[in-house]
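Visitor: I'd like to go through this one piece by piece. Mind if I just fire questions at you?

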Amino acid sequence: NDCFDQRAALTDQTLLKLVTLSPNLHLLDISDNEVITSEGLSETLRLLTRLTSLSLRGCDALEYAGLDVEYFPPSLTELNISELTATDDALDSISQCCPALEHLTANDGIFSDEAVLRLGVACPRLKSVHLASC
């Protein structure tokens, strides 16, 4: 199908327009996006105060820029940051910014035992943690 061969990646500008029109979004999945930037994501997340589920799996531009979780809404209960090669710094920030977190998928990360334990202490509601290939 030609539709799939010529698809364009979602841009920062389009994502920001979407959330401006739909500020009550609870779930945002932009997995495998190659162009969303850390700046664009931060602007978007500032507007999504009710967001409970976020998937950034395989977002290449975020991996190379570093994952800035400062603007992750505290309402997040589900987060997927797989394939971003996240580190202890990201895990510590998630621990501080997302106290309601119940489900974390962070496959392919580089985490110390201490950072994983700090996450457990800071996020007592955790029900599932996926750390494959870490």
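Visitor: What does the charged end of R46 sit over, and how far from the centre?

Guide: Quick caveat: this is a predicted model, where local features need pLDDT of at least 70, side-chain atom pairs count only at pLDDT 80 or more, and totals for chains, interfaces and linings use all residues. Residues are numbered from 1 along each chain as its sequence is written, and side-chain values use heavy atoms, with hydrogens and water left out. A charge counts as sitting over a ring if NZ of Lys or CZ of Arg is within 6 Å of the ring centre and within 35 degrees of the ring normal. For R46 the ring is that of Y71, and the distance to its centre is 4.0 Å.

Visitor: How many aromatic pairs does the structure hold?

Guide: Rings of Phe, Tyr and Trp (its six-membered ring) pair if their centres lie within 6.5 Å, with planes under 30 degrees apart called stacked, over 60 edge-to-face and the rest tilted. By that rule, the number of aromatic pairs is 0.

Visitor: In what order do the strands of the open sheet run?

Guide: Strands here are DSSP runs of E, at least two residues, and helices are runs of H or I, at least four, numbered from the N terminus; two strands pair if DSSP finds at least two bridges between them. The 5 strands pair in parallel, and the edge strands, β1 (27-29) and β5 (128-130), each pair on one side only. The order is β1-β2-β3-β4-β5.

Visitor: Which residue of β5 stands opposite T105?

Guide: β4 covers residues 103-105, and 3 bridges join β4 to β5, with the two running parallel. Opposite T105 stands H130.

Visitor: Which residue in the loop between β3 and α5 has a positive phi without being a glycine?

Guide: That loop connects β3 (78-80) with α5 (88-97). The residue has a phi near 65° and is partly exposed at 36% relative accessible area (buried is under 20%, exposed over 50%, partly exposed in between, with a 1.4 Å probe and protein chains only). It's E83.

Visitor: And what is the phi of D32?

Guide: D32 is in the loop between β1 and α3 (38-47). It is partly exposed, at 40% relative accessible area. Its phi is positive although D32 is not a glycine, at about 60°.

Visitor: Which helix gives the most to the largest nonpolar core?

Guide: A nonpolar core is a set of buried Ala, Val, Leu, Ile, Met, Phe, Trp, Tyr and Cys residues joined through side-chain atoms within 4.5 Å. This one has 32 residues, and L54, L56, F72, L79 and I81 touch the most other members. α2 (12-21), α3, α5 and α6 (113-122) each supply at least two residues. The top giver, with 4 residues, is α5.

Visitor: Is L117 buried or exposed?

Guide: L117 sits in helix α6. With a relative accessible area of 61%, L117 is exposed.

Visitor: How many disulfides does the count come to?

Guide: A disulfide here is a pair of cysteine sulfur atoms within 2.5 Å. The sulfur of C98, a buried residue at 0% relative accessibility, is 5.8 Å from its closest cysteine sulfur, in C97, so that's too far for a bond. C134, partly exposed at 47%, has its closest cysteine sulfur in C123, 16 Å away, which is also too far. The disulfide count is 0.
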